[in-house]
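Q: Please pick a single part of this structure, look at it closely, and follow what it connects to. Where would you begin, and what lies around that starting point?

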Amino acid sequence: MSTILIIDDEPGIRTVLSDILVDEGHTVRSAEDGAQGLAELAGGSVDIVFLDVWLPNMGGIDVLKRIREHYPDVEVIMISGHANISLAVQATKNGAFDFLEKPLSLDRTITVVRNAAALKDLRRENRTLKSTLFMDDRMVGSGPGIEAVRDLIAQAAASDSRILVLGENGTGKELVAREVHARSARAEGPFVELNCAAIPESLIESELFGHEKGAFTSAVQRRRGKLELAHRGTLFLDEIADMSLVTQAKVLRVLQEMRFERVGGEESLSVDVRVIAATNKDITALIAKGRFREDLYFRINVVPIRVPPLRERKEDLPELVAYFMAKFKPPALQEPKTVSPEGMKVLAAYRWPGNIRELKNFVERVNIMAEEPVITAASVKSLLGAEPVAESGGLLDPYRGMSLADAREAFERDLIAARLRETGGNISRAAEALGVYASNLHSKMKKLKMTAEK
């Protein structure tokens, strides 16, 4: 049976749903908001999540995106008492397995859980059957972009210098870090990963430094942190830009001295660790905004390696597709499936916002759901779930990789500049066109450091 997490702010819903699932033989855990839910996911194995759309602090759709990004094998079933078609479509596009309306139907709930568990079991079996041939993913491709990355890896692996891997989500930053580790003198030591974005701020120091028994309420025994576990090996700090300034200061001290204390402890521990960091954000922009320490940036950015997004290395698509087709080949087939030339054109026209991770999931989906040995263009479009032309419209390209606050500020600046150009720099007319008072527009422009040029 499955381990199921219920994330809902209504105690009654958690209780009723928990009773139903326990009666079906499942193990059930619960959380009253998104932060607690993500902490539960970080703390142990979860197969299925029931996630309420309307949650305090962090909305259900935002939590869903975090789960799909950091726990792609977990099936998420969205629930809502105020459901509508557009909300259901949005949830599905973001990777939800299904969408249920409150009050929950007993039969429907049980059926959806069984279907989600069946799909998860099928994926697990598929991976197990391939494990003897594909223990880990590897860097695939022979285009100039990926060859440049390989050259940098070869040069950096020979030293013990710190590395900063830059690239969008899904480009393979962890593969780069693992390849550096495998080629280095520390290859026989541990490779320890810490995803800074997947762990709540209240727990990240405990994860990184460990804690002593009694350090906080749930610290029932001493626990070694990632730094300690990575001794004489490599520590990979994924999404390091998501660390708080307080944690950044402590990490800086560790990099300077290679010493630290466990949370709640007084003993100073010494470690021998190579640190490789990665991020999908523009750190220099975060430094300018005071959200990332410049001194820490200089410490980790000794050797920068930029991993190109898939849209910049379309020449590698055939190799990547063939690799993943072989990896996810159904046991009943003698040969892996292939994609028709027309289908490859559809794949090449698509922008791949999720990069290699999205392509990998797409090929796995093809092997589960498509019956034909040669995948047609029509099947590619259907299983891709998006029209290539619509994706390539580029409306959101200027805001790619930005936080909501940064994107809002950039949009406001662009819109105000456009209205000022249309009105010849006339503040009053621009304010009228924007639907705000001239005094408010002046204040906004001052905040954005803008001037009205005639």
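A: Pro103 is a place to begin: this residue sits in the loop between strand 5 (98-101) and helix 5 (106-130). The model is a predicted one. In that loop, the peptide bond running from Lys102 to Pro103 is cis, and its omega is near -5°. As background, most peptide bonds are trans, and most residues other than glycine have a negative phi.

The second half of that background applies to another loop. Met258 is not a glycine, yet its phi is positive, at about 55°. Met258 is found in the loop between helix 10 and strand 11 (259-261), and this leads to helix 10 and its surroundings.

Helix 10 packs with helix 8: the two axes come within 10 Å and cross at roughly 15°. Helix 8 is therefore roughly parallel to helix 10, the cut-off for that term being an angle under 35 degrees. The crossing of helix 8 past helix 10 is left-handed. On the helix 8 side, the contact uses Glu201, Ile204, Glu205, Leu208 and Phe209, which meet Val246, Thr247, Lys250, Val251 and Val254 of helix 10. Sorted by class, this contact holds six nonpolar residues, one polar residue and three charged residues.

The helices also border an enclosed space. Across the whole structure, a search returns one cavity of 30 Å³ or more. The volume of the largest cavity is about 50 Å³. Its lining consists of Leu208, Phe209, Leu227, Leu235, Leu237, Val251, Val254, Leu255 and Val275. Helix 8, strand 10 (233-238) and helix 10 (245-257) are the elements that each give two or more residues to this lining. Helix 10 supplies the largest share of the lining, with three residues. By class, the lining of the largest cavity is made of nine nonpolar residues, with no polar and no charged ones. Leu208, Phe209, Val251 and Val254 thus have two roles, since they belong to the contact of helix 8 with helix 10 and also line the largest cavity.

Helix 8 takes part in an open space as well. The second largest pocket contains about 320 Å³ of space. It has 14 lining residues, and those nearest its centre are Gly43, Leu203, Glu207, His211 and Arg223. Two elements give two or more residues to that lining, namely helix 2 (34-43) and helix 8 (201-209). Seven nonpolar, five polar and two charged residues make up the pocket lining, whereas the lining of the largest cavity has no polar and no charged residues.

Through the pocket, the path goes on to helix 2. Helix 2 packs against helix 3 (residues 60-70) at an angle of about 15°, and the axes are 10 Å apart. That angle makes helix 2 roughly parallel to helix 3. Helix 2 goes past helix 3 in a right-handed crossing. Gly34, Leu38 and Leu41 of helix 2 make the contact with Val63, Arg66 and Ile67 of helix 3. The classes in this contact are four nonpolar, one polar and one charged.

One further pair of helices serves for comparison. Helix 15 (residues 355-369) packs with helix 16 (residues 377-384) at an angle of about 115°, with 10 Å between the axes. As a result, helix 15 is roughly perpendicular to helix 16, the range for that term being 65 to 115 degrees. Helix 15 passes helix 16 in a right-handed crossing. Here Phe362, Arg365, Val366 and Met369 of helix 15 meet Val380, Leu383 and Leu384 of helix 16. Six nonpolar residues and one charged residue form this contact, and no polar residue takes part.

Key: Residues are numbered from 1 along each chain as its sequence is written. This is a predicted model: local features need pLDDT of at least 70, side-chain atom pairs count only at pLDDT 80 or more; totals for chains, interfaces and linings use all residues. Side-chain values use heavy atoms; hydrogens and water are left out. Axes are lines fitted to C-alpha atoms, for helices over the stretch in contact, and angles run from 0 to 180 degrees between N-to-C directions. Helices (H or I, at least four residues) and strands (E, at least two) are DSSP runs, numbered from the N terminus. Angles under 35 degrees count as roughly parallel, over 145 as roughly antiparallel, 65 to 115 as roughly perpendicular and the rest as oblique. A crossing is left-handed if the near helix is turned anticlockwise from the far one by less than a right angle, and right-handed if clockwise. Contact means heavy atoms within 4.5 Å. Ala, Val, Leu, Ile, Met, Phe, Trp, Tyr, Cys and Pro count as nonpolar, Asp, Glu, Lys and Arg as charged, and the others, Gly among them, as polar. On a 1 Å grid over the protein atoms alone, a cavity is a set of points where a 1.4 Å probe fits but cannot get out, and a pocket is an open set with protein on both sides within 12 Å along at least five of seven lines; lining residues have an atom within 4 Å of a point. Grid points are joined across faces, edges and corners, and a volume is the space filled by probe spheres set on the points.
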